[in-house]
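Please examine the structure shown below together with its sequence. The report that follows discusses selected residues, the overall fold and the pockets.

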Amino acid sequence: MSRSSSSSKKRNLNGWRIALWGAAAALLLIPAVAMRYTREVNWTASDFVFGGVLLAALVAGFEVAMCVGRNAPHRLGIAIAALTGFLTVWINGAVGILGSEDEATNLAFIALVCGAVIAGFVTWFRARPMVWVMAALSVSQFVVGIAAALWTMPGHQVEWGVLAFFAVLWGGAAACFSGSAKTAHDNVRICSKDRAGEGGEI
């Protein structure tokens with residue numbers, strides 16, 4: 001019974017992998033096809049490399065979520081974090097979160113994403129430490145905005161709505177990790193009670 005369920009789980013996981021990598025390849029083909037029909041889309045080789053690397057990183061993040069996640073909130077937290085990191089880098093490379101894509105302040109957002117990735121691998125994406133990492137990233141969106149308004153980009157209108165959008169995404173990931181940690185703690189308590197009950201019966 002356990003072997004059949006294990007093989008079924010592997011088949012489902014492989015199915016998800018094929019779907020995810022196939023979707024990423026399809027997304028990368030869209031601008032290539034569009035370039036044949038319109039001059040509005042003009043990607044260079046470096047654009048395709050940049051997009052390919054980002055999409056590969058996003059799918060890899062989803063794979064980590066499926067393989068490392070201990071429960072549904074844990075997997076969802078990793079997936080949201082991967083998607084938010086992807087959007088941060090993609091938007092920064094395309095138009096820039098604050099000002100234009102050439103604005104140096106935007107490098108702070110890239111640094112935050114890199115820090116989150118490093119922290120994730122150091123803690124192996126355990127739920128409790130990732131709560132604090134995601135919460136720190138959520139707050140840091142506004143910290144960077146305040147620093148831009150006061151020091152690095154004085155006189156420039158800060159896009160607070162965009163910063164709030166990313167803060168909500170990072171905060172959502174933090175909430176998922178928190179829910180995962182609580183679920184794991186509750187499961188441990190239930191198992192402990194069951195074992196205590198079995199010991200009492202003996």
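## A buried tryptophan in helix α6

In this predicted model, W170 counts as buried because its relative accessibility is 2%, and the cut-off for a buried residue is under 20%. W170 belongs to helix α6.

Leaving aside residues up to four places away in sequence, W170 touches A81, T84, G85, T88, V113, M134, L137, S138 and Q141. For one of these partners, L137, the separation can be stated in two ways: L137 and W170 are 33 residues apart in sequence, yet their C-alpha atoms are 6.3 Å apart in space.

## A serine that meets the tryptophan

Which residues does S138 touch, beyond those up to four places away in sequence? The partners are A167, W170 and G171. S138 itself is part of helix α5. With a relative accessible area of 14%, S138 falls under the 20% limit and is therefore buried.

## The overall fold

The protein contains six helices and zero strands. Followed along the sequence, its pattern reads α-α-α-α-α-α.

Of the 202 residues in the protein, 32% count as buried. The exposed surface amounts to about 12,400 Å², and carbon and sulfur atoms supply 67% of that area. Considering contacts between residues at least 6 apart in sequence, 66% join residues at least 24 apart.

## Confidence in the prediction

The average pLDDT of the protein is 89, and 86% of the residues score at least 70. Among the elements, α4 has the highest mean pLDDT, at 98, whereas α6 has the lowest, at 77. Residues 190–194 have a pLDDT below 50. In the model, this stretch has zero contacts beyond near neighbours in sequence.

## The loop between α4 and α5

Two residues of the loop between α4 and α5 deserve attention: W124 and F125. Most residues other than glycine have a negative phi. W124, however, has a positive phi near 50 degrees and is not a glycine. F125 is likewise not a glycine, and its phi is positive, at about 60 degrees.

Is each of these residues buried or exposed, or partly exposed? W124 has a relative accessible area of 48%. This value lies between the 20% and 50% limits, so W124 is partly exposed. F125 has a relative accessible area of 11%, which is under 20%, so F125 is buried.

## The largest pocket

About 430 Å³ of space lies in the largest pocket. Its lining consists of 23 residues, and the closest to the centre are A57, G61, A81, A82 and V117. The elements that each give two or more residues to this lining are α2 (45–68), α3 (72–94), α4 (107–122), α5 (127–152) and α6 (160–201). By class, the lining has 21 nonpolar residues, two polar residues and no charged residues.

One of the residues closest to the centre of this pocket, V117, is found in helix α4. V117 has a relative accessible area of 43%; this value is between 20% and 50%, so V117 is partly exposed. V117 and G85 are 32 residues apart in sequence, and the distance between their C-alpha atoms is 8.9 Å. A81, also listed among the residues closest to the centre of the pocket, is one of the residues that W170 touches.

## The second largest pocket

The volume of the second largest pocket is about 360 Å³. Of the 13 residues that line this pocket, the closest to its centre are L13, W16, M66, C67 and R75.

Which elements each supply at least two residues of the lining of the second largest pocket? They are α1 (2–34), α2 and α3. Helix α1 gives the most, with five residues. By class, the lining of this pocket has nine nonpolar, two polar and two charged residues. The lining of the largest pocket, by contrast, has no charged residues.

Key: Residues numbered from 1 in each chain as written. Predicted model: local features only at pLDDT ≥ 70, side-chain atom pairs only at ≥ 80, totals over all residues. Heavy atoms only, no water. 1 Å grid on protein atoms, 1.4 Å probe; cavity = no way out; pocket = protein on both sides within 12 Å on 5 of 7 lines; lining within 4 Å. Points joined across faces, edges and corners; volume = space filled by probe spheres on them. Helix = DSSP H or I, 4+ residues; strand = E, 2+ residues; numbered from the N terminus. Nonpolar A, V, L, I, M, F, W, Y, C, P; charged D, E, K, R; others polar. Buried < 20%, exposed > 50% of the residue type's maximum accessible area, 1.4 Å probe, protein only. Contact = heavy atoms within 4.5 Å. Areas by Shrake-Rupley, 256 points an atom, 1.4 Å probe, with all protein chains shown as cover. pLDDT = per-residue confidence, 0-100.
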